[in-house]
Amino acid sequence: MKIKCVLIDDEPLAIKVLQNYFNNFADFEIIGTFNNALEALEFINNNTVDAVFLDINMPMMTGFELIRLIEYKTKIVITTAFREFAAESYDLDVLDYLVKPIPLPRFIKCINKISTEINLKNNIKVEMHRIEPHIFIKVDKKMVKITIDEILFIEGMKEYIKVVTIDKTYITHKSLTSLSEELPLDRFVRIHKSYTIAIDKVKFIEGNRIQILSYTLPIGRNYSKDVKSKILE
């Protein structure tokens, strides 16, 4: 996927220089060029733009004023003939500050910075989407991965525990307390000295019994208040 860029400068020659530079980078796509800051702002706020290259001194609206009016976070690169605005630009979370005339090596450094930040952001999103929360337990000398969403409840049986999932039951040599501590507190609750359950799998509570699918489990007297506050409130 290409990195989408917008160029904003009231000097057509300055835009032409940047366009020529961008022609050397296949991963970048210029989706808009503007001499008018107001037209540029409207375009940016109505389209997905990954990076904005803009001058500071423009008629009608300065580059800094434009940045403050952008409605979502995008990478901002200042392109200007004036060095003295650098400190103010970084207060606006500007990614880079290029002083005209912009040397190609300096432009390349900026491009690499944009690529690194956007690729890192995209990779984090992919990983968060792909990796489901899970635990590993030892079953018959193998470390078995169980996703958190699969677990219905865990039953303690002296030196062993039974992990009951939607499709399968696993038995491993571990304490109920130890495994319970590995599970997210907002999704699981201890209901009995022998049981920890997945809160979102509860069908109903009746008296001192709790129903999870076809399983009926007891609620221990010492756990009753905490169980009902977590599940019912």
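Trainee: How far apart do the end C-alpha atoms of residues 4–115 lie, and how much of the span is helix and how much strand?

Mentor: This is a predicted model. In it, the end C-alpha atoms of residues 4–115 are 11 Å apart. Helix makes up 40% of the span and strand 23%. The UniProt record, an unreviewed entry, annotates residues 4–115 as "domain: Response regulatory".

Trainee: Which domains does the domain assignment give for the protein chain?

Mentor: Domain 1 covers 3–125 and domain 2 covers 134–232. Their C-alpha centres are separated by 53 Å.

Trainee: How do I read the buried residues of a helix? Take α1, residues 12–22: which are buried?

Mentor: The general idea first. An α-helix has 3.6 residues a turn, so residues three or four places apart point the same way. In α1 the buried residues are Ala14, Ile15, Leu18, Tyr21 and Phe22. They lie on the same side of α1 because they cover an arc of only 120° around the axis. Pro12 and Leu13, on the other side of α1, are exposed.

Trainee: Which residues of α2 are buried?

Mentor: Helix α2 spans residues 37–45, and its buried residues are Ala37, Ala40, Leu41, Ile44 and Asn45. Their arc around the axis is only 120°, so they are on the same side of α2.

Trainee: What do the buried residues of α2 pack against?

Mentor: Their partners are the strands β1 (3–8), β2 (28–34) and β3 (51–54), together with helix α3 (63–69). At the start of α2 there is a further detail: a side-chain oxygen of Asn36 comes to within 2.8 Å of the backbone nitrogen of Leu38.

Trainee: Now a strand residue. Where does Ile31 lie, and which residues does Ile31 touch?

Mentor: Ile31 is in strand β2. Not counting residues up to four places away in sequence, Ile31 touches Lys4, Cys5, Val6, Phe43, Thr48 and Val49. Ile31 is classed as partly exposed because its relative accessible area is 26%, and buried means under 20%. For distance along the chain against distance in space, take Ile31 and Lys100: 69 residues apart along the chain, their C-alpha atoms are separated by 22 Å.

Trainee: Where is Asp55 found, and what does the UniProt record say about Asp55?

Mentor: Asp55 is in the loop between β3 and α3. The unreviewed UniProt entry annotates Asp55 as "modified residue: 4-aspartylphosphate". With 5% relative accessibility, Asp55 counts as buried. Leaving aside neighbours within four places in sequence, Asp55 is in contact with Ile8, Asp9, Asp10, Gly63, Thr79, Thr80 and Lys100.

Trainee: How many disulfides are there, and why is the sulfur of Cys5 not bonded to that of Cys110?

Mentor: The test is a pair of cysteine sulfur atoms within 2.5 Å, and the count here comes to 0 disulfides. The closest cysteine sulfur to that of Cys5 is in Cys110, at 9.0 Å, so the two are too far apart for a bond. Cys5 counts as buried, at 0% relative accessibility. Cys110 is buried too, with a relative accessible area of 0%.

Trainee: Last case, Thr147. Is Thr147 buried or exposed, and what polar contact does its side chain make?

Mentor: Thr147 lies in strand β7, residues 142–147. Thr147 is buried, with a relative accessible area of 14%. The side chain of Thr147 makes a polar contact of 2.9 Å with the side chain of Glu150.

Technical notes: Residues numbered from 1 in each chain as written. Predicted model: local features only at pLDDT ≥ 70, side-chain atom pairs only at ≥ 80, totals over all residues. Heavy atoms only, no water. Buried < 20%, exposed > 50% of the residue type's maximum accessible area, 1.4 Å probe, protein only. Helix = DSSP H or I, 4+ residues; strand = E, 2+ residues; numbered from the N terminus. Arc of directions from axis to C-beta. Contact = heavy atoms within 4.5 Å. Polar contact = N/O pair within 3.5 Å; in protein donor to acceptor, adjacent residues only side chain to side chain. UniProt positions renumbered as here; feature names shortened; annotations may be inferred. Domains from an automatic or database assignment.
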